[in-house]
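Let's take a walk through this one together, starting with how far to trust it and ending with a few odd spots in the backbone. Keep the viewer open as you read.

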Amino acid sequence: MRLNHLKPAAGSKPARHRVGRGIGSGWGKTAGRGHKGQKSRAGGFHKVGFEGGQMPLYRRLPKRGFTSLARKFVEMVRLSDLERLGLDEIDLAVLKQAGVVSALALDARVVKTGDLKRKVTVRGIGVTKGARAAIEAVGGSVAEPAVTPDTAKKAAAKKAAADKAAAIKAAVNKPAEKPAAKAPSKKQ
């Protein structure tokens, strides 16, 4: 055995630093805070992102996009996860039971990551183009999700928006009609 081969026992954890406990510890007196200044004082910290009065970075950059509140309830599932499950019929309930997705998930989406070597049938969850091709290449199938009143409402809203956009486009592209010439009025 050599000194450079020594290592802590498996599972052991180093003791936490107890600061301000005398000079022999190496963390005494100033307790790792250095000398003077705002950061050495008790309660002497400013808010996160504060830059000393200079306009902070998060205010200098423009706002862009938005954060979808629904996104956290739609989870990604890899092809390798489907392979590991060992079941032929896969839906959201099966994924929740197996712990592949959170119990709070409202929907899931299969993405083309990993390999799938056996035939599976995916029902009622979203599938990307690449994942669909990979599932069908091994003889599996993807069943479309059942239409619920909520999805039907969304589809109707999408169709209405598309119709409105088409009507606007047609109106913009239509050549302007010249107003009809007025007949000269007779003055008496």
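**A walk through the chain**

Confidence in the chain bottoms out in helix H5 (residues 149–173), with a mean of 82, and peaks in H1, at 96. That kind of score is there because this is a predicted model. Averaged over the chain, pLDDT is 87, and 90% of the residues reach at least 70. As a general caution, wherever pLDDT is low, the predicted coordinates should not be read in detail.

Now for the overall layout. The chain has five helices and six strands, and reading from the N terminus the elements go α-β-α-β-α-β-β-β-α-β-α. Of the 188 residues in the chain, 16% are buried. The chain exposes about 16,200 Å², and carbon and sulfur atoms supply 57% of that area. As for long-range contacts, take the pairs of residues at least 6 apart in sequence: 41% of those contacts join residues at least 24 apart.

Let's turn to the sheet. It is an open sheet of three strands in the order E1-E3-E5, and the pairing is parallel. Strand E1 (74–78) and strand E5 (126–127) sit at the edges with a single partner strand each, so one side of each has no neighbour in the sheet. Between strand E3 (residues 107–111) and E5, which run parallel, there are two bridges. If you want a spot to zoom in on, try Val110, whose bridge partner in E5 is Val127.

Val110 is worth a longer stop. Setting aside neighbours within four places in sequence, Val110 is in contact with Val77, Leu79, Leu82, Val122, Ile125, Gly126, Val127, Thr128 and Ala131. Val110 also turns up in the largest nonpolar core, a set of 19 residues, where the residues with the most contacts inside the core are Leu79, Leu82, Leu95, Val110, Val122 and Ile135. The elements that give two or more residues to this core are H2, helix H3 (92–98), E3 and H4. H4 gives the most, with three residues.

So what does H4 itself look like? In this helix (residues 129–137), the buried residues are Ala131, Ala134 and Ile135. Looking down the axis of H4, these buried residues fall within an arc of 100 degrees, so they line one face of the helix. Lys129 and Ala137, on the other side of H4, are exposed. As for what the buried residues of H4 pack against, the list is helix H2 (79–85), E3, strand E4 (121–123), E5 and strand E6 (141–143).

Both ends of this helix deserve a glance. Thr128 sits in the loop between E5 and H4. Is Thr128 buried or exposed? With a relative accessible area of 19%, Thr128 is buried, because the cut-off for that label is under 20%. Leaving out residues up to four places away in sequence, Thr128 touches Arg109, Val110, Val111 and Lys112. After H4 comes Gly139, whose phi is positive, near 95 degrees.

Finally, swing back to the segment before helix H1 (57–60), where you'll find Gly20. Gly20 is partly exposed, at a relative accessible area of 40%. Not counting residues up to four places away in sequence, Gly20 touches Trp27, Gly28 and Ala31. The C-alpha atoms of Gly20 and Ala31 are separated by 4.8 Å, although the two residues are eleven apart along the chain.

Ala31 also lies in the segment before H1, and its backbone deserves a look. Most residues other than glycine have a negative phi. Ala31 has a positive one, near 55 degrees. Ala31 is partly exposed, with a relative accessible area of 22%. Lys29, in the segment before H1 as well, has a positive phi too, near 50 degrees. How does Lys29 count, as buried or exposed? At 70% relative accessibility, Lys29 counts as exposed, because the label applies over 50%.

Terms used:
Residues are numbered from 1 along each chain as its sequence is written. This is a predicted model: local features need pLDDT of at least 70, side-chain atom pairs count only at pLDDT 80 or more; totals for chains, interfaces and linings use all residues. Side-chain values use heavy atoms; hydrogens and water are left out. Two strands pair if DSSP finds at least two bridges between them. Helices (H or I, at least four residues) and strands (E, at least two) are DSSP runs, numbered from the N terminus. Buried means under 20% relative accessible area, exposed over 50%, partly exposed in between (1.4 Å probe, protein chains only). Contact means heavy atoms within 4.5 Å. The arc is that of the directions from the helix axis to the C-beta atoms. pLDDT is the predictor's confidence in each residue, from 0 to 100. Accessible areas come from the Shrake-Rupley method with a 1.4 Å probe; for residues, only the protein chains shown count as cover. A nonpolar core is a set of buried Ala, Val, Leu, Ile, Met, Phe, Trp, Tyr and Cys residues joined through side-chain atoms within 4.5 Å.
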